[in-house]
Amino acid sequence: MIGNEPATAGHENVSARPFTGLRGAAFRGYRWLLLGFLLLGVAQIFLAGLGVFRLQDQTLGGAGGDTAFAPHRTVGFTLGGVALLILVLALIARPGARAIILSAVLVLLTSLAQSLLAGLAGDHAVYGGLHAFDGLLILGIAAYLYARSRQRES
């Protein structure tokens, strides 16, 4: 204590200690991977638009659709792998229960939901819309996690 003030005066959360050692390295990796994930997400949106406008007179189910969306599909699977790495680093760094749960949700949405919705979109267009909405939700979760990790750093 300093004077009559407790040593924690002015601190919002006493448990928000700086990360050190392995946890610190994992937390820094977690934060950087989240930033990379967000940048890949921006590229993913661009590639989806590029694929749509490349189709022109081609059909989605034909060979043209497979070629037009190949980069989008590849980046999507890459995002699933990055999401898994984010979860592993979150488990090591232990940035909080909410961050770990949302990291797990990120894995499920990128790896399972996106593929499922994209596959179903061939039969019903509403699933294609849900695929796009899920993509925005994924980026929103990643942005939230990144912003929280930046707050935790300061």
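**Helix assignment and overall architecture**

Helices are DSSP runs of H or I with at least four residues, strands are runs of E with at least two, and both are numbered from the N terminus. The structure described here is a predicted model. Under that definition the protein chain holds five helices and zero strands, and its order along the sequence reads α-α-α-α-α. The chain comprises 154 residues, of which 33% count as buried. Among contacts with a sequence separation of 6 or more, 68% join residues that lie 24 or more positions apart.

**The nonpolar core**

In soluble globular proteins, nonpolar side chains tend to be buried together. In this model, the largest nonpolar core contains 29 residues. Tyr30, Leu34, Phe37, Ile86, Leu106, Ile141 and Leu145 are the members with the most contacts inside this core. Two or more core residues come from each of helix H1 (21–55), helix H3 (70–93), helix H4 (97–120) and helix H5 (125–153). Helix H3 supplies the largest share, namely nine residues.

Leu34 offers a view of how this core is joined. When neighbours within four places in sequence are set aside, the contacts of Leu34 are Ile86, Ala142, Leu145 and Tyr146. Two of these partners, Ile86 and Leu145, are themselves listed with Leu34 among the core residues with the most contacts.

**Packing of H1 against H3**

Two packed helices are described by the angle between their axes and the distance between the axes. For H1 and H3 the angle is about 165 degrees, and the axes are 8 Å apart. Angles over 145 degrees count as roughly antiparallel, and H1 and H3 are therefore roughly antiparallel to each other. The crossing of H1 past H3 is left-handed. The residues that form this contact comprise 21 nonpolar, six polar and two charged.

His72 is a residue of helix H3. Its contacts, apart from neighbours within four places in sequence, are Gln44, Leu47, Ala48 and His131. His72 has a relative accessibility of 16%; because buried means under 20%, this residue counts as buried.

**Packing of H3 against H4**

H3 and H4 pack at an angle of about 160 degrees, and their axes are 9 Å apart. This angle makes H3 roughly antiparallel to H4. The two helices cross in a left-handed manner. On the H3 side the contact is formed by Phe77, Leu79, Gly80, Ala83, Leu84, Ile86, Leu87, Ala90 and Leu91. These residues meet Ile100, Ser103, Ala104, Leu106, Val107, Thr110, Ser111 and Ser115 in H4. By class, the residues of the contact are twelve nonpolar, five polar and no charged.

Ala104 and Leu87 belong to this contact. Although 17 residues separate them in sequence, their C-alpha atoms are 6.0 Å apart. A further pair is Leu109 and Ala83, which are 26 residues apart in sequence and 9.3 Å apart in space, C-alpha to C-alpha. Leu109 lies in H4. Beyond its neighbours within four places in sequence, Leu109 is in contact with Gln114, Asp134, Leu137, Ile138 and Ile141. One of these partners, Ile141, appears among the core residues with the most contacts.

**The loop between H3 and H4, and Gly119**

Arg94 lies in the loop between H3 and H4. Its phi is positive, at about 50 degrees, although Arg94 is not a glycine. Gly119, by contrast, is found within helix H4. Gly119 and His131 are twelve residues apart in sequence, with a C-alpha to C-alpha distance of 9.5 Å. His131 is also one of the contact partners of His72.

**Accessibility of selected residues**

The table collects the individual residues discussed above.

| Residue | Location | Relative accessible area and class |
|---|---|---|
| His72 | H3 | 16%, buried |
| Arg94 | Loop between H3 and H4 | 49%, partly exposed |
| Ala104 | H4 | 28%, partly exposed |
| Leu109 | H4 | 15%, buried |
| Gly119 | H4 | 53%, exposed |

Partly exposed residues lie between the limits of 20% and 50%. Arg94 is therefore placed in that class at 49%, and Gly119 is classed as exposed at 53% because exposed means over 50%.

Conventions
Residues are numbered from 1 along each chain as its sequence is written. This is a predicted model: local features need pLDDT of at least 70, side-chain atom pairs count only at pLDDT 80 or more; totals for chains, interfaces and linings use all residues. Side-chain values use heavy atoms; hydrogens and water are left out. A nonpolar core is a set of buried Ala, Val, Leu, Ile, Met, Phe, Trp, Tyr and Cys residues joined through side-chain atoms within 4.5 Å. Buried means under 20% relative accessible area, exposed over 50%, partly exposed in between (1.4 Å probe, protein chains only). Contact means heavy atoms within 4.5 Å. Axes are lines fitted to C-alpha atoms, for helices over the stretch in contact, and angles run from 0 to 180 degrees between N-to-C directions. Angles under 35 degrees count as roughly parallel, over 145 as roughly antiparallel, 65 to 115 as roughly perpendicular and the rest as oblique. A crossing is left-handed if the near helix is turned anticlockwise from the far one by less than a right angle, and right-handed if clockwise. Ala, Val, Leu, Ile, Met, Phe, Trp, Tyr, Cys and Pro count as nonpolar, Asp, Glu, Lys and Arg as charged, and the others, Gly among them, as polar.
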